[in-house]
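Me: I would like a close look at a single part of this structure, followed by a connected account of what surrounds it. Please take the details one after another and keep to what can be read from the model.

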Amino acid sequence: MTLLADILTILLNGLQQGAIYVLLAVGLSIILGTLKFVNFAHGALYLVGAYLGLFITGQVPLNNGQLAEWGIQSYGIGLGFVAALVIVPIVVFIIGLLMERFIAQAFYDRPDTDQILVTFGLAIIVQELLRALLGGSSQPFPQPSWASGPIALPVVGNFPRWRLGVIAITAVLVLGVYALVEYTDFGLIVQAGTLDGEMVRLLGIKLSRPYLVVFGIGAALAGVAGVVGGPLANVNPNIGTEQLVPAFLTVVIGGVGKIEGAVVAGLMLGTLQVLLIQTGYAAWSQVGIYALAALVLLVRPQGLLGSEVDVS
Amino acid sequence: MSDEPRDATATAAADADAEVTGGLADRWASFRDREISTVLLTVVGVAVFPFLFNNFLDGYTQLATLMLIYGIFAVGFDILLGYTGLLSFGHAVFFGGAAYAAGIFSASVSSSPLLVLLAGTVFAVLLAWIVGFLSLRRGGIYFAILTLTFGQMSFYLAASPLAFLTNGENGFTSVNIGHLLGVIDIHGGVPFPLTMLVDNMLYVFVAVMTVLSVAMANRILHSPYGTVFRAIRENERRAEFVGLDVWRYKLMAFIISAAFAGIAGSLFTIEGNYVPLQSLYWTESGRIVIMTVLGGVGSLFGPLFGAGLYLYIENIVSGFETLGPFWHLILGVVFVVAVVLFPNGIWGGIDYVRDMVVGGEDE
């Protein structure tokens, strides 16, 4: 092992670790940036995505929870991983639309503390509903068969194929959203709405539909993150809340509403975490990302790539 | 429904003098608005509570004690959320931090309950000074997320790098609580006349602390200082234009609420002789948010009530045959309904209903 190989391995692992943060953070960030809505239920959408992915990819045995008591032995339909990658975002997109229409909209004019409270309550409901029905135990989420095992990379050597898959899927999705926001008329309207919603409305453009779609896209990204992140660790009802805090950190470090910012911040956090683990400071790996976040926010409260005007 | 809590400072004194001649409702209002009556009501409340609780509500003594401890925590949290309008998602740091500080102090310095309590509270206050100083730089969601950040940082610090102090995942077990003032066994029984109401000294100790905390909160909130908190909640910019140093008041509100969390955390250690690592996790911060909002923000007794209700559901309802597995879910639903429909919580709801029945003073 050379030094270069070491560095590249840490970077690749950091990319993979940060990828999930990025997927979650981009969704959170566009919702927060355009709709000014704080979604503490974003982690719950991740959780729904993971369980839905589990449902689509396989027959998962049920040992506890209410469903088991009602005589259902397993859940799942076994359509395969690619199907999950397609179906889950669509379903979670629809959940996102419903959330916007029936919950978020009523809270746009209320203080952001109320938004936090109501979405926090929603997150609890989703999490506890899943726990009550499916039980609280951890379920292994199998990696897709076409991406299991190691792959030989130049310089780095053997690297788990699925981790590369996570990086690739994230890259494609985030680039897609970036292109949508930066280079389409839809994106133009959304961006204009972010800067001055009233002016856009005066120009005769209805913002409620684009906003609805933005919420749906953000939700769908969280759902995909659940499918992509599921195979990296076991799935249980707590993973949503566990992912929410680092995802929020990624958003605020990067700068609210900035997709590039979320990417940079996610990769920073992921790399720092992997670096601390691989250099023998594993105990500090979690503390490290929070300390980094605190530090960035103290020096640059608007986030690394956030603009000065954005400060609320 | 009025936005301003009705026991506002100015009306209190005037009511007491001028409107005693009014009907029964007015007399009651003027009685209630005096500080001494608030304290008396609290004393009577905590005195008969365990008796009623044990005999009619299926409760047990230890739970009654825990309810008061979390009640103190919630009263302090409400000073920040309900009166100043700041939502902290990291208050577990002060509760858990004080619990650890109290535990470590009891094991290595002194086992006197009063000193342990003092050590935990002072630790919480000093910590709040730092955390508040850093996280109050930004308002709204940034404040919530920054407090969350510092909370999680302390959780992971306690989990491993500081495990030599905190005993890591297993929680701090070597708590050592001595006799109160050197003579009273705090985990022992009570002398005769008291036995009719309560059965251990620990409850009495916690109850005294609860009364003191409520009196203190009442005094703060009804002072000009507390009025500034409310002004900041209503309109921060306007408060600033009037010439108030908003930032300093916000920091003080944060520190004061952390002091209450510190008292509660230290009592938690004294009560349980153990500090779980979980007491620093952010779900613990979430619990106190739920308790306070459910009970009623912006009122003195609402949070106490919310804390009691939460722990009752958690400990008693969760044991019911059919409802049991769904208790947390039900609580979540009730919480969301409360946020959407009753921003002032159950206590605010009671106030509202009473006003409709009695006619209340319409504003």
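In which helix of chain B do Glu284(B) and Arg287(B) both lie, and how many residues apart are they?

Reply: In this predicted model, Glu284(B) and Arg287(B) both belong to helix α14 of chain B, where they are three residues apart, about one turn of the helix. Their side chains meet in a salt bridge, with an N to O distance of 3.6 Å, and both residues are buried. The pair does not stand alone, since Glu284(B), Arg287(B) and Glu314(B) are linked in a network of salt bridges.

Helix α14 of chain B, residues 282-295, is also one of the elements against which the buried residues of α15(B) pack, the others being α3 (35-56), α4 (61-83), α10 (201-221), α16 (327-341) and α17 (345-358) of chain B. Helix α15(B) itself covers residues 302-315, and its 14 residues reach 20 Å from the first C-alpha to the last, close to the 20 Å expected at 1.5 Å a residue. Because ten of those 14 residues are buried, α15(B) is largely enclosed by the rest of the structure. The buried set includes Gly302(B), Pro303(B) and Leu304(B), and further along the helix Tyr310(B), Leu311(B), Tyr312(B) and Ile313(B).

Helix α14 of chain B has a second role in the picture, at the contact with the other chain. Chain B and chain A bury about 3700 Å² between them, with 81% of that area on carbon and sulfur atoms. Arg138(B), Ile141(B) and Trp282(B) supply 16% of the area that chain B buries against chain A, more than any other three residues. Helices α7 (140-159), α14 and α16 of chain B each supply at least two residues of the side that touches chain A, and α7(B) gives the most, with 13 residues. By class, this side of chain B has 28 nonpolar, eight polar and two charged residues. The contact as a whole takes 38 residues from chain B and 42 residues from chain A. Between the two chains the count is zero salt bridges, while three residue pairs are in polar contact, both residues of each being at pLDDT 80 or more.

Salt bridges over all chains come to seven, and two of those in chain A can be set beside the pair in α14 of chain B. The side chains of Arg131(A) and Glu128(A) meet at 3.1 Å, N to O, in a salt bridge; being three residues apart in helix α5 (residues 112-134) of chain A, they are separated by about one helical turn. Arg131(A) is partly exposed, with a relative accessible area of 27%, whereas Glu128(A) is buried, with a value of 8%. Arg101(A) and Glu100(A) likewise meet through their side chains in a salt bridge, at 3.7 Å from N to O. Here Arg101(A) counts as partly exposed at 37% relative accessibility, and Glu100(A) as buried at 1%.

Two further buried positions in chain A add to the account. Gln273(A), in helix α10 (residues 259-278) of chain A, is buried with a relative accessible area of 5%; leaving aside neighbours within four places in sequence, Gln273(A) is in contact with Gln17(A), Tyr21(A), Ser285(A), Gln286(A) and Ile289(A). Val224(A), found in helix α8 (residues 208-229) of chain A, is buried with a relative accessible area of 5%, and, not counting residues up to four places away in sequence, touches Leu85(A), Val88(A), Pro89(A) and Leu173(A).

Methods: Residues numbered from 1 in each chain as written. Chains lettered and ligands numbered in written order. Predicted model: local features only at pLDDT ≥ 70, side-chain atom pairs only at ≥ 80, totals over all residues. Heavy atoms only, no water. Helix = DSSP H or I, 4+ residues; strand = E, 2+ residues; numbered from the N terminus. Expected span 1.5 Å × (residues − 1). Buried < 20%, exposed > 50% of the residue type's maximum accessible area, 1.4 Å probe, protein only. Contact = heavy atoms within 4.5 Å. Buried area = accessible area lost by both parts, 1.4 Å probe. Salt bridge = Lys/Arg side-chain N within 4 Å of Asp/Glu carboxyl O. Polar contact = N/O pair within 3.5 Å; in protein donor to acceptor, adjacent residues only side chain to side chain. Nonpolar A, V, L, I, M, F, W, Y, C, P; charged D, E, K, R; others polar.
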